Amino acid sequence: MIATPKLHNLEEIPEGMTVGDFNPAFAGIRKEIRVGKFSECCTCCRKPFNAVRKPRRDIRLYPADIAVPIAWAYPICGRCAVLWRNGGSDRESVLAAVEAFHLGDRVDQ
């Protein structure tokens with residue numbers, strides 16, 4: 001089987017492991033404090049949230065080599081959450097879009 005190149009630079013935490021297994025700064029954390037304004041759009045498709053399109057899941061990004069436990073939580077809508085659950089190339093496209101949002105890349109739609 002030929003490995004396809006990844007569309008993003010994100011690594012998923014394997015099933016059964018936690019972020020504390022990769023970065024000791026996150027080990028033993030039980031509570032979180034949210035700082036900042038909640039996103040008004042889906043970080044995958046970038047469509048605004050409203051009464052119909054609601055945030056259904058968070059994609060969390062954790063820095064791999066930082067001594068302070070900080071994470072970014074990016075909400076995605078139901079349609080994008082389904083793509084995430086599908087796995088494979090659908091999941092890769094969601095991760096690529098979230099990474100682009102995180103890095104501040106513009107999207108030409």
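Let me start with the charged end of Arg91, which in this predicted model sits over the ring of Trp84, at 4.1 Å from the ring's centre. Arg91 has a second partner as well, since Arg91 also forms a salt bridge with Glu12, and there the closest N and O atoms are 3.1 Å apart. If you follow that salt bridge along the chain, you will see that it links distant parts, with Arg91 in helix H2 and Glu12 in the segment before E1, 79 residues apart. As for how open these two residues are, Arg91 is partly exposed, with a relative accessible area of 21%, and Glu12 also counts as partly exposed, at 38% relative accessibility. Because buried means under 20% relative accessible area, the value of 21% puts Arg91 in the partly exposed class.

Staying with helix H2, I would like to point to Glu99, which lies in that helix. Is Glu99 buried or exposed? Glu99 is buried, with a relative accessible area of 12%, and, once its neighbours within four places in sequence are left aside, Glu99 is in contact with Leu7, His8, Asn9 and Leu10.

Now to the other salt bridges, of which the structure holds five in total, the one between Arg91 and Glu12 being among them. Arg60 forms a salt bridge with Glu32, and the closest N and O atoms of that pair are 2.9 Å apart. Arg60 lies in strand E1 whereas Glu32 lies in the segment before E1, so this pair ties together parts of the chain that are 28 residues apart in sequence. Arg60 is partly exposed, with a relative accessible area of 32%, and Glu32, at 48% relative accessibility, counts as partly exposed too. Which residues are linked with Arg60 in a network of salt bridges? They are Glu32, Arg34 and Asp58, so that is the group to display if you want to look at the network as a whole. A further salt bridge joins Lys37 to Glu40, with the closest N and O atoms 3.4 Å apart, and here Lys37 and Glu40 are both exposed.

Let me turn, finally, to the aromatic rings. A pair of aromatic rings is described by the distance of the centres and the angle of the planes, and the structure holds two such aromatic pairs. One of them is formed by Phe26 and Tyr62, in an edge-to-face arrangement, with 5.2 Å from centre to centre and 85° between the planes. This pair links distant parts of the chain, given that Phe26 is in the segment before strand E1, which covers 55–61, and Tyr62 is in the loop between E1 and strand E2, 36 residues apart. Phe26 is buried, at a relative accessible area of 9%, while Tyr62 is partly exposed, at 31%.

The other pair is that of Tyr74 and Phe101, again edge-to-face, at 5.6 Å from centre to centre and with 75° between the planes. This pair, too, links distant parts of the chain, with Tyr74 in strand E2 and Phe101 in helix H2, which spans residues 88–103, and the two residues are 27 apart. Tyr74 counts as buried, at 11% relative accessibility, whereas Phe101 is partly exposed, with a relative accessible area of 25%.

To draw this together around helix H2, the helix holds Arg91, which is bridged to Glu12 in the segment before E1, the buried residue Glu99, and Phe101, which is paired with Tyr74 of strand E2.

How values were computed: Residues numbered from 1 in each chain as written. Predicted model: local features only at pLDDT ≥ 70, side-chain atom pairs only at ≥ 80, totals over all residues. Heavy atoms only, no water. Phe/Tyr/Trp six-rings, centres within 6.5 Å; stacked < 30°, edge-to-face > 60°. Helix = DSSP H or I, 4+ residues; strand = E, 2+ residues; numbered from the N terminus. Buried < 20%, exposed > 50% of the residue type's maximum accessible area, 1.4 Å probe, protein only. Lys NZ or Arg CZ within 6 Å of the ring centre and 35° of its normal. Salt bridge = Lys/Arg side-chain N within 4 Å of Asp/Glu carboxyl O. Contact = heavy atoms within 4.5 Å.
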